[in-house]
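Colleague: I am new to reading protein models, and I would like a close look at a single part of this one. Could you pick a helix and walk me through its surroundings?

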Amino acid sequence: MTTAAYSVAGAALPLGVAGEIQGRTEHAVRGGVIGAAEVEAVRDMVARGEIGEMTGWASLWGAPSATVDSHTAKIYARVGDHAAAEAHYAGARKRYGSTAHQRIAALSAAAEGRAQLKQGQIEAACVTWGKALDTMTGIRSARARKSVQSMRSDLAPFRSRGARSALELDERARTWLREAV
């Protein structure tokens, strides 16, 4: 995951800092470094970069800050820091939400809801997942479908206990899946 974050930063920054990005990537790969300090170093590099000079595939996904927020969230989720993952998914969702990247905003919201659930915040997760479903209106993709299926699986224990918010959201998710065929 660290390498992915460096790749995002490297694609999003001016060529003048490519050597620094490459050095950090090689260090991370050699040492197997995955941690908050390395993630924050990449975020700092993006903050110092000039958006106007953005190059590479990162430009396909909107602002570099949104892309790096998304990858940072994935790193934190993988190492089990769900509060940090939630914050970065929320940042990515907000940044993508004001662009033409509706599907990525929706997927970020779905991941944000999962991070909330991992922290035991079922009500907050249901609200966020509801926003994800709202954003997915009109979207038909395998990743969106998989995300909604995961949402339903995550809700299963709460549905069986009769949690109202889980039951209502599950019905919305089931309807979305039926219509997404």
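Modeller: Gladly; what follows is a tour that begins at one helix and moves outward to its surroundings. Please keep in mind that this is a predicted model.

Let us start with helix α6, which runs over residues 102-118. It has 17 residues and reaches 24 Å from its first C-alpha to its last, close to the 24 Å expected at 1.5 Å a residue. Is this helix mostly covered or mostly exposed? It is mostly covered, with 12 of its 17 residues buried. Among them are Ile104, Leu107, Glu112, Gln116 and Leu117, and several alanines are buried as well, including Ala105, Ala106 and Ala115. Here is a handy rule for looking along any helix: an α-helix has 3.6 residues a turn, so residues three or four places apart point the same way.

What do the buried residues of α6 pack against? Their partners are α5 (82-97), α7 (122-135) and α8 (142-160). Just after α6 you will find Gly120, which takes a positive phi of about 85°.

Now for the empty space. Rolling a probe the size of a water molecule over the atoms shows where empty space is left. In this model, the largest pocket holds about 810 Å³ of space. Its lining is made of 27 residues, and Lys74, Tyr89, Leu107, Ala111 and Arg143 are the ones nearest its centre. Two or more lining residues come from each of α4, α5, α6 and α8. Our helix matters for this picture in a simple way: α6 gives the largest share of the lining, nine residues. By type, the lining divides into 12 nonpolar, seven polar and eight charged residues.

Since α4 also helps line the pocket, let us visit it next. Helix α4 covers residues 64-78, and its 15 residues should span 21 Å at 1.5 Å a residue; the end C-alpha atoms are 21 Å apart, which agrees. Because 11 of its 15 residues are buried, α4 is largely enclosed by the rest of the structure. One of these is Ser70. Ser70 has a relative accessible area of 8%, so it counts as buried, the cut-off being under 20%. Not counting residues up to four places away in sequence, Ser70 touches Tyr89, Ala92 and Tyr96. After α4 comes Gly80, with a positive phi near 90°.

Back to α6 and its links with the nonpolar interior. The largest nonpolar core has 23 residues, of which Trp129, Leu133, Met136, Val148 and Trp176 touch the most other members. Helices α6, α7, α8 and α9 (164-179) each supply at least two residues of this core, and α7 provides the largest share, six residues. Apart from this core lies another, of six residues, among them Tyr76, Ala84, Ala85 and Ala115. For a closer view of the largest core, follow Leu133: beyond its neighbours within four places in sequence, its contacts are Val148, Met151, Leu169, Arg172, Ala173 and Trp176.

We can end the tour at Arg140, in the loop between α7 and α8. Arg140 is partly exposed, with a relative accessible area of 45%. Leaving aside its neighbours within four places in sequence, Arg140 is in contact with Trp176, Glu179 and Ala180. Arg140 and Leu177 are 37 residues apart in sequence, and their C-alpha atoms are 9.7 Å apart in space.

Technical notes. Residues are numbered from 1 along each chain as its sequence is written. This is a predicted model: local features need pLDDT of at least 70, side-chain atom pairs count only at pLDDT 80 or more; totals for chains, interfaces and linings use all residues. Side-chain values use heavy atoms; hydrogens and water are left out. Helices (H or I, at least four residues) and strands (E, at least two) are DSSP runs, numbered from the N terminus. The expected span of a helix is 1.5 Å times one less than its number of residues. Buried means under 20% relative accessible area, exposed over 50%, partly exposed in between (1.4 Å probe, protein chains only). Contact means heavy atoms within 4.5 Å. On a 1 Å grid over the protein atoms alone, a cavity is a set of points where a 1.4 Å probe fits but cannot get out, and a pocket is an open set with protein on both sides within 12 Å along at least five of seven lines; lining residues have an atom within 4 Å of a point. Grid points are joined across faces, edges and corners, and a volume is the space filled by probe spheres set on the points. Ala, Val, Leu, Ile, Met, Phe, Trp, Tyr, Cys and Pro count as nonpolar, Asp, Glu, Lys and Arg as charged, and the others, Gly among them, as polar. A nonpolar core is a set of buried Ala, Val, Leu, Ile, Met, Phe, Trp, Tyr and Cys residues joined through side-chain atoms within 4.5 Å.
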